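This report concerns strand pairing in one protein model. Please consult the sequence and the structure shown below while reading.

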Amino acid sequence: MSSPFGGVRRRGDDERAAADRSTRMHYARDLNDERALADDRPTIRRSRNWTWLAVAVVVLAVLAFANTRGAGEVPITADCATPRIAVETSQVVAGQPLRFRLTGPDDTAYVVTLDGAPVRGDAGNTVTYTQTDAGPALRLQQCLSPTLLLATPAGDGPHELALLRLADDGTTAPAAAVTLTVTGTR
């Protein structure tokens, strides 16, 4: 049985190839075609299987490279010494989700605020918040948070996303801040 992709060759193909080669050599002798007679070695038949394998490897490599970053993954380098905030973009359209990540020492609890009000970024079950007097507090795992989602505030103009360091006595101190510009409010 033969595959449409060049799989198994039929028995008759070898016989037909030998007959074609014999006929070609016979004609070459009749015409005294020295070039054809000199090239009297059997041709190498390569199957197309390697071509399909190469195409599949290239496609898988492209897909793997395209999926190295998750959907909406915000790039930031883990820094266990200095707290920082990274946002996907500083220009945000009202109503769209705001994606951000945090980095800093993992032995400290942090509270995130938007325009001074404590907020809770959504990252599914990967972040655990502890309720405190200052607002929901989180601790970073290996000095880095996953990508957190937050509703973009209403109102055009600048808005401040801040990271506050929570002390053991419940007081907070500013650790990092970033200014966002919101547009598109109706």
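The following paragraphs describe an open sheet, then the pairings around a further strand.

**The open sheet**

The model is predicted. In it, 3 strands form an open sheet in the order S1-S3-S8, and their pairing is antiparallel. Strand S1 (84–87) and strand S8 (148–151) lie at the edges; each has a single partner strand, so one side of each has no neighbour in the sheet. On average, neighbouring strands of this sheet are turned by 35 degrees against each other, direction ignored.

Within the sheet, S1 is joined to strand S3 (residues 97–103) by 4 bridges. One residue pair illustrates this contact: Ala86 has Arg101 in S3 as its bridge partner.

**Pairings of strand S7**

Strand S7 (residues 135–139) is mostly covered, with 4 of its 5 residues buried. S7 runs antiparallel to strand S4 (residues 109–114) and also antiparallel to strand S6 (residues 129–132). On the S4 side, Ala109 stands opposite Arg139 of S7. On the S6 side, the bridge partner of Gln131 is Pro136 in S7. The connection from S6 to S7 is a hairpin through 2 residues.

**Summary of strand pairs**

The table lists the pairs for which bridge counts are reported here.

| Strand pair | Bridges | Direction |
|---|---|---|
| S1 and S3 | 4 bridges | antiparallel |
| S4 and S7 | 3 bridges | antiparallel |
| S6 and S7 | 4 bridges | antiparallel |

As general background, strands of a sheet pair through backbone hydrogen bonds, in either a parallel or an antiparallel manner.

Key: Residues are numbered from 1 along each chain as its sequence is written. This is a predicted model: local features need pLDDT of at least 70, side-chain atom pairs count only at pLDDT 80 or more; totals for chains, interfaces and linings use all residues. Side-chain values use heavy atoms; hydrogens and water are left out. Two strands pair if DSSP finds at least two bridges between them. Axes are lines fitted to C-alpha atoms, for helices over the stretch in contact, and angles run from 0 to 180 degrees between N-to-C directions. Buried means under 20% relative accessible area, exposed over 50%, partly exposed in between (1.4 Å probe, protein chains only).
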